Amino acid sequence: MPLHQDDPVRLLTGVGPKRAALYDKLGVHTIGDLLLYVPRGYLDFSSPLPIAQSHTGENVVIRAKVYKKQGEQRIRKGLSIFRVYATDESTDLKITIYNTKYLFESLKEGTWYLFYGKVTGSLLHSEMSAPQVFPEQAAGAMIPVYSLTEGLSNRQVTENVKEALRVWGDCLSDALPHRLRQDYGLCQLRFALENVHFPADSHALSVARRRLIFEELLVLQLGMAMLKNRNRAETSVQLKRTELAAFLSKLPFKLTNGQMQAIYDCIQDMQKAVPMNRLVQGDVGSGKTMVAAALCYLCKENGLQAAVMAPTQILAEQHYETFSRQLSPFDIQCCLLNGAKNAKQRAAAAASIQSGECTVVIGTHALLQEDIRFKKLGLVVTDEQHRFGVGQRAALAAKGDHPHILVMSATPIPRTLALLIYGDLDVSVIRELPAGRKPVRTMAIGSDKRLRALGFIKKQIDAGRQAYIVCPLIEENESELVSAQAYVKKLEKTPLSQCSSAILHGRMKAKEKEALMRAFRDGEISLLIATTVVEVGVDVPNATVMMIENAERFGLSQLHQLRGRVGRGVYDSYCILVSDHKGEENRRRLHTMVTMQNGFDVAQEDLKLRGPGDFFGKRQHGLPELRIADLLSDMKTLETARTAANRLLSEDPQLAFPEHHALEKKVRRLFLQNGQVVFN
Ligand code: ADP
Ligand code: MG
């Protein structure tokens, strides 16, 4: 019976239920998965070392002939050792094998092998323990090294992959249509699979990898593009009136070019027959809220409602105040929906939303609840998008008839990656900060200067300003770590002891946190000592100092977000990074913060230092996991795949042609893997 790529690995000769369970752990369920389980590296057997030169302390490859075998020695229950003596004809090597009897028995006296392991002992008595053993024919080849799990050996995976290629190789069907392979110079699937596991040479390996990476990124891009097209159903909430002059005239400031451009991008989208689906990305403090407010104003002018969703109560409340202030001159009613409302207030709010009396509804995910129904929802805004799942955004949109969607985010991501991550969105970027915004003066100090820094903070507070001090953890689990509670104790002996201060941390109840933030915003508290919960979006223009303890514990982008909490008003602002960590990478990070103000530059640097995996972390929302490709290092292929995807879809938007069938299936699979349903 011919095997199929979707058949479970269990059907392969040599894979029983036990091994299949181990494969499960590695995410390898089907034979197709196994074939795409590419090695994490290769052993290069092209130049084995003479034994005499191999005492390097590293794993090395030795070519040697077995000349004597010494039978099993039982050391104790469960531990047997076998000894093998080998020579490269100038130096001898004593090899010890533990427990693996079959390996010992397979070795033949008088035969040459390749041994991979560490060589120890003296030159006269060289030894190797528990080596990996390969036939001599492997010399010159590259041997795959797989990521493993306890109970599964490299050798077993290698054998299973070989078997899969053997039984299945002939009926491999290539998902990439012939023409596409030709256009982009890509090798056939079979060649790619054979050479990614067992490369003929390094050139063949790179040809193979390129093809597999291309395919993976193409499938990803196809999926993202199809998602985007799916959102292109007709809408009944097109904007007809787009005159903004009255709104602009009531603003206390002139909008920046970036803000205006973002607004115009949105207006253009919102006049079309298909709903807007746009990301406005702008550094912290770039004034994204006003973009949303302008569009809410236009909603009212067009007889539509708008919903604004924020990730925390305090942010929702802050938005509510901003929107109410800016929109009240136009008789636009705003309403705040949060957990704090009692049943009666809630019912009243729900009624005014349903009747259409209330135009702009602002809230947390309380907005998503079923009893909240709109009369005519025209615009859905989600702030700090990375805090929400793609699903929540969709749930809010489902409360209207294909409303326009605006997503706002301060997470700065290089454009190519933004296109990928937000591939289902158009992007407007606000590059500048409002005029007159002074850069936040940033300095990095050692803890020996802390006292002076605290004295400086005291002066700021005496002058009527406020300050944040951020500590990475709340309890002193690790001795050297400055935690918030211990910190407050220390402050008792410093100039800051007289200031009104409070601690804000992640273990507090949401209500307590809110109350504290409110008190800080209202100026009742001068000094907020916090863990990173202050990270998101709070706007307190009177705060002028952000001091960050153990700055080495934070990622660059996180430091930048934290710094963005100050420098929001007319006062000079300061960011003080405290760190005694002397490592080169930390030095570079702190230097980046001291010299760079722009979030996009900082993000680029962050990517360079950390690599995309860490950079995205949990923010990777919605993006399926990639097996082979790496978003950052394969950026060029990513672009090519994007072009190819768009070309393909322009001819066959649903991938319905027979030659695209296999691709379409892959797209579905990739996105389903991620627990998202998606197409059609
Ligand atoms: P973010 O993009 O981080 O959400 P906000 O919308 O919270 O930024 O704006 C930050 C601060 O800048 C707010 O106090 C806001 O009133 C102010 N602001 C916004 N736009 C302008 C502008 N064009 N000129 C001056 N101040 C502005
Ligand atoms: Mg904001």
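pLDDT is the predictor's confidence in each residue, from 0 to 100. Keep that handy, since this is a predicted model.

**Exercise 1.** Work out how confident the predictor is in the protein chain, and where the pLDDT is below 50.

*Solution.* Start with the whole chain: its mean pLDDT is 85. Next, check the share of residues that reach 70 or more, which is 88%. Now go hunting for weak spots. Residues 613-622 have a pLDDT below 50, yet this stretch still makes 20 contacts in the model beyond its near neighbours in sequence. Residues 674-680 are also below 50, with 17 such contacts.

**Exercise 2.** Find where ligand 1 sits and describe the shell around it.

*Solution.* First, place the ligand: it's in the largest pocket. Then sort the shell by class, and you get 4 nonpolar, 6 polar and 6 charged residues. Finally, pick out who comes nearest among the 16 residues: K254, G285, K288, T289 and R437.

**Exercise 3.** Track down polar partners of ligand 1's oxygen atoms, then say how much of the ligand the protein covers.

*Solution.* Begin with the backbone: an N or O atom of G285 lies 2.6 Å from a ligand oxygen. Move on to side chains. K288 has a polar side-chain atom 2.7 Å from an oxygen of ligand 1, and for R568 that distance is 3.3 Å. Last step: on its own, ligand 1 has 560 Å² of accessible area, and the protein covers 84% of that.

Methods:
Residues are numbered from 1 along each chain as its sequence is written. Chains are lettered from A and ligands numbered from 1 in the order in which they are written. This is a predicted model: local features need pLDDT of at least 70, side-chain atom pairs count only at pLDDT 80 or more; totals for chains, interfaces and linings use all residues. Side-chain values use heavy atoms; hydrogens and water are left out. A residue is near a molecule or strand if one of its heavy atoms lies within 4 Å of it. A polar contact is a pair of N or O atoms within 3.5 Å; within protein, one must be able to donate a hydrogen and the other to accept it, and residues adjacent in sequence count only if both atoms are side-chain atoms. Accessible areas come from the Shrake-Rupley method with a 1.4 Å probe; for residues, only the protein chains shown count as cover. On a 1 Å grid over the protein atoms alone, a cavity is a set of points where a 1.4 Å probe fits but cannot get out, and a pocket is an open set with protein on both sides within 12 Å along at least five of seven lines; lining residues have an atom within 4 Å of a point. A molecule sits in a cavity or pocket if more than half of its atoms lie within 2 Å of its grid points. Ala, Val, Leu, Ile, Met, Phe, Trp, Tyr, Cys and Pro count as nonpolar, Asp, Glu, Lys and Arg as charged, and the others, Gly among them, as polar. Contact means heavy atoms within 4.5 Å.
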